[in-house]
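Please open the model in a viewer and keep the sequence panel visible alongside it. The stops below proceed by selection, each followed by a description of what is found there.

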Amino acid sequence: MKSLSAYILVMLLGIPSVGAAAGKNYCGELYGVSFGPFDYLERFNLGKQLNVVEAHHFTSDVENLVKGQSSSLGGDLHYTLRVWPNHHRALAALARLSIRDKSTRFHGLKWPVECYFDRAIRFNATDAKVRSIYGGYLLHQGRNKEAVEQLEVAVNLEPDNVTALYNLGLLYFKLKNYDKANDFANRAYALDFPLPGLKNKLIKVGKWRELSAYSKQESQD
């Protein structure tokens with residue numbers, strides 16, 4: 001399960017929820033800074049602004065959690081996510097850091113890890129990949145109900161979000177809702193999701209059914 005969660009987070013994790021309860025005052029204002037914030041969904045139109053951050057703060061060493069570039073590892077992730085609140089790869093890196101080090105607070109981070117998801121969602125609530133990454137984080141933490149909520153939003157926003165589909169299947173399997181688990185598994189595999197784990201789990205309990213509605217041939221049509 002650990003390797004599967006790591007795979008999901010790279011593609012794109014008990015700590016109390018900071019969203020509705022804490023709100024923007026706890027997790028900081030989004031605006032009022034000299035540079036940014038910018039929407040990661042608009043990154044292809046903002047190449048210069050993105051390069052400023054990624055060249056000096058979100059380098060490969062930072063993304064791979066090796067070391068910081070301009071400051072501490074947490075400091076560079078904080079700067080990246082302050083300027084680009086919904087930076088998908090930076091959020092995934094932060095989630096992996098939290099999982100790896102079993103902590104939600106790091107030197108250089110202004111807020112707990114989950115605040116950065118709160119800020120990303122407040123900045124652009126329609127960003128499906130943020131919801132998917134957050135759902136994966138919550139799934140890893142065993143917070144199944146909250147994970148379902150985030151992943152359902154991700155799938156509603158982006159029906160072909162294969163990571164969200166697969167994670168939802170895993171969650172519903174854990175909740176023993178095998179019909180839904182089978183449905184989301186079929187949808188994910190029709191989009192060529194590469195890991196057979198969920199299918200194997202369903203086979204093991206005698207609940208796997210290949211649904212014609214999501215066959216690869218029909219999905220191509």
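Select K102 first. In this predicted model, K102 counts as exposed because its relative accessible area is 76%, above the 50% cut-off for that class. The residue sits in the loop that links α6 and α7. Its backbone also deserves inspection: phi at K102 is positive, about 50°, although the residue is not a glycine. Most residues other than glycine have a negative phi.

Next, select K176, where a positive phi again occurs at a residue that is not a glycine, here at about 65°. K176 belongs to the loop between α10 (162–174) and α11 (178–190). Is K176 buried or exposed? With a relative accessibility of 60%, K176 is exposed.

From K102, extend the selection to the two helices on either side of its loop, α6 and α7. The axes of α6 and α7 approach within 10 Å and cross at roughly 155°. Angles over 145 degrees count as roughly antiparallel, and α6 is therefore roughly antiparallel to α7. The crossing of α6 with α7 is left-handed. To display the contact, show the side chains of L91, L94, A95 and S98 in α6 together with V113, Y116, F117 and A120 in α7. By class, these residues comprise seven nonpolar, one polar and no charged.

Keep α6 selected and add α5. Here the axes come within 10 Å and cross at roughly 145°. The crossing of α5 and α6 is left-handed. On the α5 side, the contact involves L73, L77, T80 and L81; on the α6 side, it involves A90, L91, A93, L94 and L97. This contact contains eight nonpolar residues, one polar residue and no charged residue. In an α-helix there are 3.6 residues a turn, so residues three or four places apart point the same way. The α5 residues L73, L77 and L81 may be viewed along the helix axis with this in mind. Two α6 residues, L91 and L94, take part in the contact with α5 and also in the contact with α7.

Now select α5 alone, residues 73–83. How many of its 11 residues are buried? The count is 10, so that the helix is mostly covered. The buried set consists of L73, G74, G75, D76, L77, H78, T80, L81, R82 and V83. To see what lies over them, add α3 (47–56), α4 (60–63), α6 (88–101) and α7 (113–123), which are included in the cover of these buried residues.

Move along the chain to α8 (residues 128–140) and α9 (residues 144–157). Their axes come within 8 Å and cross at roughly 160°, and the two helices are therefore roughly antiparallel to each other. The crossing of α8 and α9 is left-handed. For the contact itself, select A128, R131, S132, Y134, G135, L138 and L139 in α8. Their counterparts in α9 are N144, E146, A147, Q150, L151, V153, A154 and L157. Sorted by class, the residues of this contact are nine nonpolar, four polar and two charged.

Return towards the N terminus and select G36 and P37. The peptide bond joining G36 and P37 is cis, with omega of about 5°. Most peptide bonds are trans. P37 lies in the loop between α2 (23–27) and α3.

For the last local stop, select S212, in the loop between α12 (197–204) and α13 (216–220). S212 is exposed, with a relative accessible area of 54%. A distance can be drawn from S212 to A190: the two C-alpha atoms are separated by 10.0 Å, and the residues are 22 apart along the chain.

Finally, display the whole chain. Which secondary-structure elements does the protein chain have? It contains 13 helices and zero strands. Of the 221 residues in the chain, 52% are buried. Switching to a surface representation shows the exposed area of the protein chain, about 10800 Å², of which carbon and sulfur atoms supply 51%.

Definitions and conventions:
Residues numbered from 1 in each chain as written. Predicted model: local features only at pLDDT ≥ 70, side-chain atom pairs only at ≥ 80, totals over all residues. Heavy atoms only, no water. Buried < 20%, exposed > 50% of the residue type's maximum accessible area, 1.4 Å probe, protein only. Helix = DSSP H or I, 4+ residues; strand = E, 2+ residues; numbered from the N terminus. Contact = heavy atoms within 4.5 Å. Areas by Shrake-Rupley, 256 points an atom, 1.4 Å probe, with all protein chains shown as cover. Axes fitted to C-alpha atoms, helices over the stretch in contact; angles between N-to-C directions. Parallel < 35°, antiparallel > 145°, perpendicular 65-115°, else oblique. Left-handed = near helix turned anticlockwise from the far one by under 90°. Nonpolar A, V, L, I, M, F, W, Y, C, P; charged D, E, K, R; others polar.
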